[in-house]
Amino acid sequence: MPDASQTTLLYQSLRVAILDLDLAPGQRLTERGLEAEWGASRTPVRAALARLEGEGLAQRVGRGWIVSPIDLDELEALAEFRETIESAVVRLAVQRATDAELGALEAQLRTPHSAEVPNEAHIGPDFHVELAKLSGNHFLVSAVEGIMTRLARTRWLEVRVTSGGEVAGNEHEDILRALIARDAAAAAELAVAHIRHTMERVTDSLRTNRRGFTARGMAIVGKQTPPQQQRR
């Protein structure tokens, strides 16, 4: 098998395993172990890990690798970035999206799966990515895709322990209604509120369940300390 094919296969398989949390945040990845498991040579293994590193899903630690921990500081920075990017997205979408495109996005929201559960092997397109496409700006689409990748695991954890998926779905519908009404200011305001509410739900969930996640081998890092530790 050519190295390029090995790299792609290994990258895609590891990516799904990381996003689905089959490989836990903080879990060690060894080049030799991956070589043996996949029958791959060192070059495609390193290339696959480098691609994952570029997406924020793997990290170098010394001479080895780990699955990137969930970083609470990074979540805060991403929320700030999202507000800027997605405000621009919805304002451009109001101007550029056709009625047919908005209707297609509305139909997507009516599908039975939850757009907030990022199991890439089992769900359809992400609402935020599809919304970004309506901006007609491929740089914005790329930015939103990168953000959603970095948020995928925390979104999964949040939905598993709260009703966040249902709440987010309602907020998506509110944003879409503003788009259909061609109200750019309202759409941008709703997008920012949705991002902030999502951040609050995610951080509250991680704080509340941090010990449980850690006990399951999931590394959570960052300056935000659970309340019970703050009291010590």
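The following dialogue examines how several features of this predicted model earn their descriptions.

Visitor: How do you know that the span of helix α4 agrees with its number of residues?

Guide: Helix α4 covers residues 72-96, which makes 25 residues. At 1.5 Å a residue the expected span is 36 Å, and the end C-alpha atoms lie 35 Å apart, so the two values agree.

Visitor: What makes the approach of aspartate 71 to aspartate 73 at the start of α4 a polar contact?

Guide: A side-chain oxygen of aspartate 71 comes to within 2.9 Å of the backbone nitrogen of aspartate 73. The cut-off for a pair of N or O atoms is 3.5 Å, and therefore this pair meets the distance condition.

Visitor: Why are strands β1 and β3 called paired?

Guide: Pairing requires at least two bridges, and two bridges join β1 (residues 28-29) to β3 (residues 64-67), so the condition is met. These strands run antiparallel. Leucine 29 has tryptophan 65 as its bridge partner in β3.

Visitor: What makes β2 and β3 a pair as well?

Guide: Four bridges join β2 (residues 58-61) to β3, and because at least two are required, the strands pair. Their direction is antiparallel. Tryptophan 65 in β3 is the bridge partner of arginine 60, while glycine 64 is that of valine 61. Tryptophan 65 thus appears as the partner of leucine 29 and also of arginine 60.

Visitor: What lies between β2 and β3 in the hairpin, and which residue of the turn has a positive phi?

Guide: Two residues lie between the strands of this hairpin. Glycine 62, in the turn, has a positive phi of about 65°.

Visitor: How many cavities of 30 Å³ or more are counted?

Guide: The count comes to two. The largest cavity holds about 90 Å³ of space, and the second largest has a volume of about 40 Å³.

Visitor: What makes up the lining of the largest cavity?

Guide: Among the lining residues are Leu75, Arg82, Leu151, Thr154 and Val202. The elements giving two or more residues are α4, α7 (138-161) and α9 (184-215). The largest share, four residues, comes from α9. By class, the lining has six nonpolar, two polar and two charged residues.

Visitor: Which elements supply at least two residues each to the lining of the second largest cavity?

Guide: They are β4 (70-71), α4 and α7. Here α7 gives the most, with three residues. The lining includes Pro69, Asp71, Glu74 and Arg150, and its residues divide into three nonpolar, one polar and four charged. Leu75 and Thr154 line this cavity and also the largest one.

Visitor: How do you know that the span of α9 agrees with its number of residues?

Guide: For the 32 residues of α9, 1.5 Å a residue gives an expected span of 46 Å; the end C-alpha atoms are 45 Å apart, so the values agree.

Visitor: Where does α9 bend, and what is found just after α9?

Guide: The bend, about 70°, is at asparagine 209. Just after α9, glycine 217 takes a positive phi of about 85°.

Methods: Residues are numbered from 1 along each chain as its sequence is written. This is a predicted model: local features need pLDDT of at least 70, side-chain atom pairs count only at pLDDT 80 or more; totals for chains, interfaces and linings use all residues. Side-chain values use heavy atoms; hydrogens and water are left out. The expected span of a helix is 1.5 Å times one less than its number of residues. A polar contact is a pair of N or O atoms within 3.5 Å; within protein, one must be able to donate a hydrogen and the other to accept it, and residues adjacent in sequence count only if both atoms are side-chain atoms. On a 1 Å grid over the protein atoms alone, a cavity is a set of points where a 1.4 Å probe fits but cannot get out, and a pocket is an open set with protein on both sides within 12 Å along at least five of seven lines; lining residues have an atom within 4 Å of a point. Grid points are joined across faces, edges and corners, and a volume is the space filled by probe spheres set on the points. Ala, Val, Leu, Ile, Met, Phe, Trp, Tyr, Cys and Pro count as nonpolar, Asp, Glu, Lys and Arg as charged, and the others, Gly among them, as polar. The bend at a residue is the angle between axes fitted to the seven residues ending there and the seven starting there.
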